[in-house]
Amino acid sequence: MPHELETRVLLEHAEDPRLRTLDGYKDLVSGYATQERAYKDMEQDEVLKELEDSGLRGRGGAGFSMGKKASFLPRGGMSKYLCCNADESEPGAFKDRELMQRNPHQLIEGIAIAALAADAGHAFIFIRGEYEEQADILDAAVAEAYEAGYLGTNILDCHRDLELVVHRGAGAYICGEETALLDALEGKRGNPRLKPPFPAVQGLYGGPTLINNVETLSNVPRIVSKGAEWFRQYGTEQSPGTKVVSVSGGVRRPGNYEVSLGIPTRDLIYGLAGGPLPGREIKAFYPGGSSSPVLTAAEGMDLPYSFEAMAEAGSMLGSGSIIVADDTVSIPHMALRTARFYHHESCGKCAPCREGTNWTVKMLERVVRGEATPMDLDIISSVQENIMGHCLCVLGDSMAMPVAAMVRKFRPEFEQVMAAAAGGIDPHVVVDAPPETLGATV
Amino acid sequence: MSPVDGPGVSSRDLPVDRAVTEGRALSADPEQIPQLADVDCPSELQARVEELMGRYPDRKSASIPALWAVQERYGWCTPEGIRQAAAVMRVTPAYLESVASFYDLLHTEPVGTHRIEVCTNISCWMRGGDELLDAFRAAAGEDEDDFFVTGFECLGACDIAPMASIDQRYYGPLEAAEAGVAIEQLRAGAEVLPAKALAKRGLAGDSPAPGASSIGGAI
Amino acid sequence: MSDEQRTVTITVDGREIECPEGQMLHDAAREGDVEIPVFCYEPKLGDPVGACRMCLVEIEGIPKLQTSCSTPVRDGMVVHTRTEQVKHAQNAVVEFLLVNHPLDCPVCDKGGECPLQDVTTGWGPGKSRVIDEKRHFEKPIELSPLVAIDRERCILCYRCVRFSQEISEDAQLQLLERGDRTFVGTFDERPYVSPFHGNITDICPVGALTNYTYRFRARPWDIEQGGTVCTLCPSQCNVSLTIRDEKVKRVLTRDNHDVDDGWICDKGRYGFEMFEAEERVTGPRTKGGDALEWGAAVEKAAAGLRAAGAGKVAAIVGDASNEEAFLLQELLRGALASPHLDSRAYEGPDRDVVLELTQPELAAKVKDIDSADAILVLGADPLHSSPILDLRVRKAIRRHGARLVVATERPTALDGGAEAIARYAPGETSHFIGELTKALGGEETVATPLAETLREARKVVVLWGQRIDHDSSFASTRLVELAKRLELDATEGAGLLEIPDFTNARGLREAGVLPDAGPGLTETASGRSVNEIRAALESGELDAVVLFGVDPLRDFPDTKAWDAALTAANFVVSFSMHETATTAKSDLVFPLETHAEKDGTATHPDGRLQRIRPAASRPEGVRPNIQVLAELASALGHDTGVNSQPTAFAALTNGVAFYNAITDDQLGGLGFRWQDGPSATALPSSSTGAGVSSPDTQRFSASGEDTPATGLLLGTYRDIWTGPVTELNPPLRFLQPKQRLELSEGDAGRLNLRSGYEVRVSSDHGSVDAIVQVKERIPDGVCFLSEGIAGANANALLNGGPVRVTVSQPERIEA
Ligand SMILES: Cc1cc2nc3c(=O)[nH]c(=O)nc-3n(C[C@H](O)[C@H](O)[C@H](O)COP(=O)(O)O)c2cc1C
Ligand code: SF4
Ligand code: FES
């Protein structure tokens with residue numbers, strides 16, 4: 001029995017293993033009825049309109065209107081493509097995994113309907129290579145869908161064709177960036193491309209391409225069947241709908257929780273995820289994955305969990321992944337972990353990201369080894385500034401934003417850790433929580 | 001004229017590389033697109049790669065899947081395997097090696113049969129990922145033929161932190177002690193940590209509600 | 001890009017700049033003298049990649065800084081390149097690029113001519129805040145026997161790897177690993193070998209890729225650059241020679257979009273060491289090898305030729321400038337009353353056909369390849385015969401979507417990009433061209449698939465090899481009909497472009513070195529052609545021969561016959577750069593200048609006259625050839641009025657009517673096509689008019705089944721790496737080709753041969769040893785050998801027409 005704070009729409013019946021099969025999907029949530037209706041009785045523009053009116057925002061990080069993006073694709077005979085972004089590799093994010101594992105057909109139906117809206121004849125699910133279990137599940141489901149005639153040629157006798165290929169990545173976070181994903185799909189190294197041209201105009205194999213996240217596309221069937229109004233009953237004006245939120249780190253019950261956007265962040269962290277571990281206090285958290293600037297508990301705990309509220313607070317909702325740091329966590333070490341990730345994952349194509357992530361890691365390593373001076377903290381901050389807005393894609397910024405925020409908000413702790421390490425004390429024996437974070441415990 | 005003080009060096013004083021005097025020799029054969037006839041590609045591998053190429057509008061899209069196939073066949077992306085795939089795909093081996101070396105899961109160096117990737121990223125690190133990695137390293141010991149143990153970036157399973165991917169399947173949350181158990185089960189060819197397999201977990205929201213810590217919940 | 005482009009006005013740092021719409025902002029700014037620093041941007045490499053971020057600028061109306069290398073200009077754009085925001089970005093990028101750069105400038109070859117140094121001083125922060133460890137690589141290591149790579153210095157600008165992917169398309173040079181671990185490398189650490197790979201040393205903006213041939217041989221401030229033309233192949237690429245102590249130390253590109261597009265091949269880049277070779281002829285000498293003082297040498301030559309008597313001297317000319325060629329025909333026709341002149345290695349078309357093929361409206365410019373709708377490669381493999389055109393064709397396909405069709409005996413390097421390919425058997429060239437012409441007229445023939453592509457195209461450029469005449473099937477006579485059928489004469493941007501054997505073949509012809517045409521292709525008393533000369537020397541009808549820049553014993557078909565001819569001749573004078581089999585049989589040997597030493601002009605196959613300028617000093621004992629020839633003529637009582645390059649050039653332009661109006665200034669640095677000048681109309685027209693028809697030649701079948709047991713039909717080609725350039729030139733020695741017998745899998749099976757086997761290939765003319773190479777895309781019944789390979793020269797097996805060969809395995813026979 002789900003917690004009253006949860007609103008299970010995408011995760012409806014997700015606890016039931018039968019949902020994974022085509023029959024189960026049909027019985028439990030009358031699956032594929034919407035695709036059938038859309039293919040048989042709906043025009044491309046009707047579908048587009050429904051999606052645009054719903055105000056569905058991308059769930060992959062950028063939060064751009066899905067319907068609008070689909071409407072950017074030029075009309076005409078050229079071959080167009082649809083790519084489902086299932087690369088989910090941002091630290092803290094694991095919601096797409098849950099959706100694919102428990103309800104693969106919901107995604108496939110969403111893709112089939114979105115393909116109608118984008119007039120795409122070829123679709124791909126780019127799934128990170130680590131998710132082999134989920135890729136196998138998708139392969140099986142796709143096979144079922146072909147078998148049942150929801151994919152392939154002349155689908156449901158509507159003279160529409162759709163080929164769907166599950167493409168497994170091989171381990172590179174950058175492939176989640178939409179243009180890098182296209183290069184990877186074309187068989188190249190996953191390097192981001194210059195924009196413009198944007199994928200909607202010139203994407204895969206040079207053709208117009210719609211790229212959406214797993215959760216975004218999983219929302220499509222219900223929006224088209226129940227309508228934009230129904231969808232807007234959940235969430236806020238600017239953040240309509242429900243969101244599967246991944247909560248992890250220093251909480252008692254980490255996991256994915258589907259909530260109506262805009263509920264208090266506290267309900268997610270305390271109400272659903274059970275709050276901090278016994279005897280601990282929450283110091284700070286990433287509201288939207290490791291690339292979102294951390295908020296101190298005081299800053300963030302009582303904000304509505306919505307795109308707009310997080311943006312106003314100087315952070316972002318991103319992919320909707322909360323990582324909680326409690327008072328045993330050394331922020332400088334967390335900054336280092338964060339930087340190391342982006343350094344490891346930087347594709348190396350552009351200089352500011354390639355060298356900036358590398359240099360930042362080296363400086364943070366000196367910080368936690370006690371081999372740095374307060375001046376290095378200034379250099380770290382200025383290097384983050386030097387990265388921001390200067391890169392080919394936003395991977396560089398994705399490190400610069402949180403790291404800069406941590407140095408700004410927890411500078412005393414950085415200095416204490418430096419001093420401690422220099423004095424031979426294990427900096428992990430965590431320093432008193434700096435003033436900014438006390439609020440959380442009041 | 002030379003801006004430096006004193007007499008400028010004359011070319012006679014400057015060293016001349018042996019490329020100029022006797023010429024340098026080729027260290028090995030350059031590698032262009034190999035002819036199929038010259039690589040004796042196993043027929044299953046050739047068939048597999050051709051089938052993969054068939055899935056995409058452009059054959060080059062098959063490069064990552066083809067490299068997966070090579071890795072399945074040989075345990076890692078061996079130069080020979082890369083040449084074979086390259087010959088079938090009509091691309092240079094250099095192209096495929098370049099692609100392979102970009103991705104963390106494709107190995108251009110030999111690795112052990114069982115691949116254990118322990119997440120050491122933020123959430124797992126907070127929950128003891130580093131200790132878990134050490135435990136696996138210790139348990140696997142010197143046995144590099146059977147085990148490849150490595151720390152890994154976020155595997156997308158922070159809900160079961162600390163966790164590990166063992167032969168491409170997820171397990172967590174793991175106690176350091178369970179590392180040894182898993183290694184033994186792998187050695188014995190038994191099912192690995194059945195109770196900790198991600199596949200067997202329910203939704204977090206359906207697990208028993210945790211008495212939310214009073215401090216926060218109270219407000 | 002549309003043909004007529006709109007010009008727009010933009011403002012950069014307050015300056016108004018007029019530029020074509022869509023031009024990249026960086027380039028537009030430069031035209032307004034605003035320098036925006038770049039590293040990864042190099043227009044020659046195609047589309048920008050926007051990787052280095054050095055070129056960020058502020059564009060009003062756009063919040064984020066934009067990369068000017070990838071931003072097309074729009075009318076009214078207002079751009080700032082020196083605001084605080086931009087300076088901040090520039091400092092940041094420079095600082096980042098240096099985080100991992102070793103700053104080992106004092107021991108770096110690039111020092112002083114290094115874009116990284118320049119940009120750092122010009123746009124960098126001026127101080128370094130980096131105290132952390134930099135990444136380490138073994139340095140420098142061999143990327144190839146010619147290029148060293150220092151990975152620590154690499155700034156990962158992508159230039160070299162893009163060259164390998166998108167220009168030479170060999171895809172051997174790649175980026176390996178990821179992020180800041182990325183490095184430039186090859187598969188399995190193999191050497192990077194492609195005929196063009198030296199270009200990466202020109203485009204690398206740091207000291208990461210350097211030439212072993214230049215390492216530490218000079219400092220930038222004690223060298224000079226001299227512009228000239230590379231005469232090692234008909235591409236006639238423009239080059240800039242790095243001169244120190246009056247010697248060539250390095251060859252760089254000298255971009256000429258009309259000729260080479262800013263690239264050169266490795267032959268041209270590394271071939272200069274042979275100027276210093278032991279084997280270089282450094283002064284006149286007798287047969288016995290005694291050095292002669294110049295006066296005596298000229299006298300001896302005059303005496304020998306005089307002794308031969310009027311009409312009994314012949315000349316064969318290969319490597320020569322227009323001026324030298326003109327003087328040579330003066331010498332023969334004027335001083336020796338001998339019309340026996342040729343500039344070809346085998347029988348070619350007669351004057352009427354030459355005139356037809358020279359008509360300006362049938363001619364294609366090199367640049368026309370870029371915008372061609374379709375390209376027909378006929379009887380040549382550009383990679384071997386005119387390398388830079390191979391790149392040009394690839395560019396046309398890659399960037400303009402040109403459709404390629406290939407019709408050759410032997411598989412070519414361009415086959416991969418071709419829509420249709422035809423393989424005809426040696427001896428069938430003429431027949432095939434006939435079939436293609438018919439197919440274009442709608443008939444069903446073997447050539448129909450090619451015709452279909454060609455018919456759909458408006459602008460067709462035909463790249464044809466002079467070699468099509470090699471099999472004596474009079475193929476070039478058929479070319480005219482084909483050209484007319486394709487309406488090349490009626491279509492702007494379409495036309496024929498010849499790939500000749502000799503670098504300056506066109507210049508030699510037009511200067512009058514033909515048996516039946518004088519200067520300007522005028523009608524003359526006709527003399528003997530190359531094969532007739534050979535026969536006449538052997539039979540004694542001709543007495544003496546002047547061999548200028550040719551080595552018949554290596555380069556001409558039927559080595560045995562040539563050997564007999566030179567043995568029989570009473571007096572053989574050779575002008576040669578190096579000692580060769582031919583100079584060894586000569587009574588008198590004169591040295592030749594290299595293109596680094598020579599002063600003169602050459603005519604590109606597309607009609608462009610280009611200036612060869614002396615940049616290096618001649619070995620003492622070597623004199624300007626034009627002077628030697630002029631003196632020789634006057635010693636024979638004929639005054640040419642030539643005593644210097646200007647006077648020689650004047651004599652040439654007076655002699656060749658359609659060169660008349662061309663001035664030295666006009667040639668300038670980039671040359672001038674005579675077809676574009678007023679005197680082009682002075683080209684004589686052919687007497688027979690269009691459609692010169694040829695005797696339909698005997699047909700040789702290439703198809704497996706009716707291949708008689710007597711063996712395989714032999715086709716030959718000229719490998720790019722044969723000859724002195726690899727034999728006398730240490731840097732390129734590793735490329736010296738072995739003789740390979742290329743045959744089909746089918747025939748290999750029948751003869752139970754495998755790649756790598758050592759075999760003896762014999763015709764009834766002779767035999768050579770070769771290594772078997774089973775090759776895809778070779779039809780059954782045919783096999784191939786390369787000409788000119790020392791010790792195993794395919795020319796030894798030839799006798800004009802196509803021959804059949806048998807293959808045996810010596811060690812098997814012994815065993
Ligand atoms: C470095 C980087 C990594 C990204 N990773 C992902 C990812 O794993 N999954 C995803 O859906 N979007 C990811 N994105 C966002 C995509 O670029 C793109 O915006 C998104 O897939 C669009 O789908 P949506 O509009 O449905 O969110 C990433 C972006 C960047 C810059
Ligand atoms: S080697 Fe030179 S050209 Fe190649 S990427 Fe590095 S810096 Fe650029
Ligand atoms: S020159 Fe523009 S990004 Fe490199």
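Helix α7 (residues 132–147) of chain A lies across strands β2 and β3 of chain A, and its direction makes an angle of about 170° with β3(A). Keep in mind as you look around that this is a predicted model.

The two strands under that helix are partners: β2 (residues 122–127) of chain A pairs with β3(A) in the parallel sense over 6 bridges. One place to find this pairing is Phe124(A), whose bridge partner in β3(A) is Val165(A).

Both strands belong to an open sheet of 4 strands in chain A, ordered β3-β2-β1-β4 with parallel pairing. Because β3 (163–168) and β4 (209–213) of chain A each have a single partner strand, they stand at the edges, and one side of each is left without a neighbour in the sheet. On average, neighbouring strands of this sheet are turned by 20° against each other, direction ignored.

Now to chain B, where helix α4 (residues 79–89) and helix α5 (residues 93–100) pack at an angle of about 120°, with their axes 8 Å apart. The two helices, α4(B) and α5(B), are therefore oblique to each other, and α4(B) passes α5(B) in a right-handed crossing. From α4(B), the contact uses Ile82(B), Arg83(B), Ala85(B), Ala86(B) and Met89(B), while α5(B) brings Pro93(B), Leu96(B) and Glu97(B).

In chain C, the residues closest to ligand 2 are Cys154(C), Ile155(C), Cys157(C), Cys160(C) and Cys204(C), out of 13 that surround this ligand.

The table shows the residue classes at these two sites.

| Site | Nonpolar | Polar | Charged |
|---|---|---|---|
| Contact of α4(B) with α5(B) | 6 residues | no residues | 2 residues |
| Shell around ligand 2 | 12 residues | no residues | 1 residue |

How values were computed:
Residues numbered from 1 in each chain as written. Chains lettered and ligands numbered in written order. Predicted model: local features only at pLDDT ≥ 70, side-chain atom pairs only at ≥ 80, totals over all residues. Heavy atoms only, no water. Axes fitted to C-alpha atoms, helices over the stretch in contact; angles between N-to-C directions. Parallel < 35°, antiparallel > 145°, perpendicular 65-115°, else oblique. Left-handed = near helix turned anticlockwise from the far one by under 90°. Contact = heavy atoms within 4.5 Å. Nonpolar A, V, L, I, M, F, W, Y, C, P; charged D, E, K, R; others polar. Near = heavy atom within 4 Å. Pairing = 2+ DSSP bridges.
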